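Biologist: Thanks for sitting down with me. Shall we go through this model together?
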Amino acid sequence: MTQRKPLVAALTEFQQKRPFSFHVPGHKNGMLSGLPADFKQVLPYDLTELTGLDDLHYPEEVIKEAQQLLAETYAAEHSFFLVNGSTVGNLAMIYAVCGEGDHVIVQRNSHKSIFHALELAKASPVFISPEWDQTSLTAGGVRLTDVEAVIREYPNAKAIVLTYPNYYGMASNEMGKIIELCHEQGMPVLVDEAHGAHFQLGAPYPLSSLKMGADAVVHSAHKTLPAMTMGSFLHIQGPLIAVDKVRKYLRMLQSSSPSYVIMASLDDARSYLQTYSQADKKSFEEKRRQFVESLKSLPNLEVYEADDPLKLMLRVPYHSGYQLKEQLEQEGIHAELADPYQVLLILPLLKREHGFSFAEVRRRVKGALAKLKEIPRKAVDVTVQPQEAVSKLEATFAELEGEGEWISYTKAQGRISAAMIVPYPPGIPLVLAGERWSTDKLESLMDYIATGAQIQGEHRLSEKLIRVLPEKNRP
């Protein structure tokens with residue numbers, strides 16, 4: 001294990017020389033900034049590509065060393081800092097394997113950034129629907145048998161794109177076999193493992209898809225490691241993806257003025273993971289166990305544990321997750337997300353020296369539950385909507401570039417959506433541009449609206465309007 005943080009050290013040494021700034025950024029080490037004092041403390045480290053600080057796009061010094069340490073930590077052949085979030089990693093790895101018209105096999109409950117990447121690349125996606133996970137009450141992983149079937153139908157697909165784990169921390173137990181199957185066909189496996197940056201720690205955490213042999217893996221370091229928002233990693237291994245192509249697209253897609261503060265936080269997050277000891281793991285496991293048991297002792301609260309020990313789902317019978325989330329926020333507890341059924345908590349990956357007020361959190365959860373009793377009870381039905389195992393878009397990306405037409409969603413059955421509709425979080429599209437609105441999808445949309453979910457995408461739901469392709473474009 002190493003506590004070396006080459007980029008953090010270089011930034012610290014640079015500022016200790018008390019330099020005069022005649023370069024960008026214009027806040028001049030924070031001197032001109034009108035931000036509050038606490039904010040301004042970090043601005044002296046918000047620098048640019050100066051002598052001794054290297055260049056993210058052509059690293060030769062401290063950033064190169066930091067990324068080499070990252071690759072060593074994850075046992076990858078090549079690892080990259082991402083300053084535009086996991087989104088840019090998803091974009092780069094997809095651009096590196098496919099071009100216009102190429103078939104790409106895609107897990108249907110992928111993050112919206114995957115679909116954006118496919119659209120930008122003008123690829124031809126073939127979707128595999130996931131299994132319904134009864135524990136997390138969400139879409140989980142895809143079945144090995146479905147992957148086998150779609151590869152038989154599309155043997156020349158350029159790649160398969162999978163999500164592992166899902167947002168709620170559920171990890172498919174068939175991932176290793178799926179990767180092995182795809183490699184037998186010479187097909188690269190690209191994995192959005194945004195929520196698994198800490199899986200490198202080993203049991204009791206799920207096994208990382210990187211260790212299972214995936215060719216490209218994206219990690220959102222800012223989700224479970226102590227990195228700043230937008231800080232992520234991309235790892236490449238094996239002969240099926242040209243790493244030079246990945247570098248090229250990262251140079252094109254990432255900012256030409258990358259944040260040194262975000263990069264320093266990635267350097268620190270890597271060190272945090274690399275120095276996380278067995279004693280740290282044992283200490284956290286015990287603190288977590290006590291916390292979970294204390295929550296389970298609260299009346300009327302159901303606690304569900306994910307495959308990933310950092311994820312907990314809280315449910316209260318006859319109340320929606322949105323109602324529970326609102327009461328928790330009034331008690332000063334801010335959860336990761338709510339859905340119609342539950343609230344999702346992401347626990348901190350504590351080391352031995354870190355204190356955390358789990359007892360105070362339990363007290364506040366108890367207070368939120370007491371307030372929730374005053375809210376009228378309402379049944380929350382869990383309806384698993386049937387999905388085709390394999391599907392494709394019913395319109396090309398070129399056809400979707402038109403203006404479309406706005407209609408009431410009550411009249412949309414059978415029409416082809418001209419826009420993506422995304423309940424957020426977790427950012428998984430309910431309908432994609434190019435997919436046909438079915439009765440099931442419209443019922444789900446109305447359920448989301450009724451429960452108060454935030455819905456992203458191009459819509460005018462406040463007017464009950466959604467955008468569809470004109471009738472003349474229907475096949």
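Biologist: Which order do the strands of the open sheet of 4 strands have?

Modeller: The order is E10-E11-E13-E12, with antiparallel pairing. This is a predicted model, where local features need pLDDT of at least 70, side-chain atom pairs count only at pLDDT 80 or more, and totals for chains, interfaces and linings use all residues. Residues are numbered from 1 along each chain as its sequence is written, and side-chain values use heavy atoms, with hydrogens and water left out.

Biologist: What makes E12 and E13 a pair?

Modeller: Two strands pair if DSSP finds at least two bridges between them. E12 and E13 have 2 bridges, in the antiparallel sense, so they qualify as a pair. Leucine 337 stands opposite leucine 344 in E13.

Biologist: Why is one side of strand E10 (302-305) and of strand E12 (337-338) left without a neighbour in the sheet?

Modeller: Because each stands at an edge with a single partner strand. Strands here are DSSP runs of E with at least two residues, and helices are runs of H or I with at least four, numbered from the N terminus.

Biologist: Which helix packs on the sheet?

Modeller: Helix H11 (residues 278-296) does, touching E10 and strand E11 (311-315). Contact means heavy atoms within 4.5 Å.

Biologist: How do the residues lining the second largest pocket divide?

Modeller: Into 17 nonpolar, 18 polar and 4 charged. Ala, Val, Leu, Ile, Met, Phe, Trp, Tyr, Cys and Pro count as nonpolar, Asp, Glu, Lys and Arg as charged, and the others, Gly among them, as polar. Lining residues have an atom within 4 Å of a point of the pocket, an open set on a 1 Å grid over the protein atoms alone where a 1.4 Å probe fits, with protein on both sides within 12 Å along at least five of seven lines. H4 gives the largest share of this lining, 4 residues.

How values were computed. Axes are lines fitted to C-alpha atoms, for helices over the stretch in contact, and angles run from 0 to 180 degrees between N-to-C directions.
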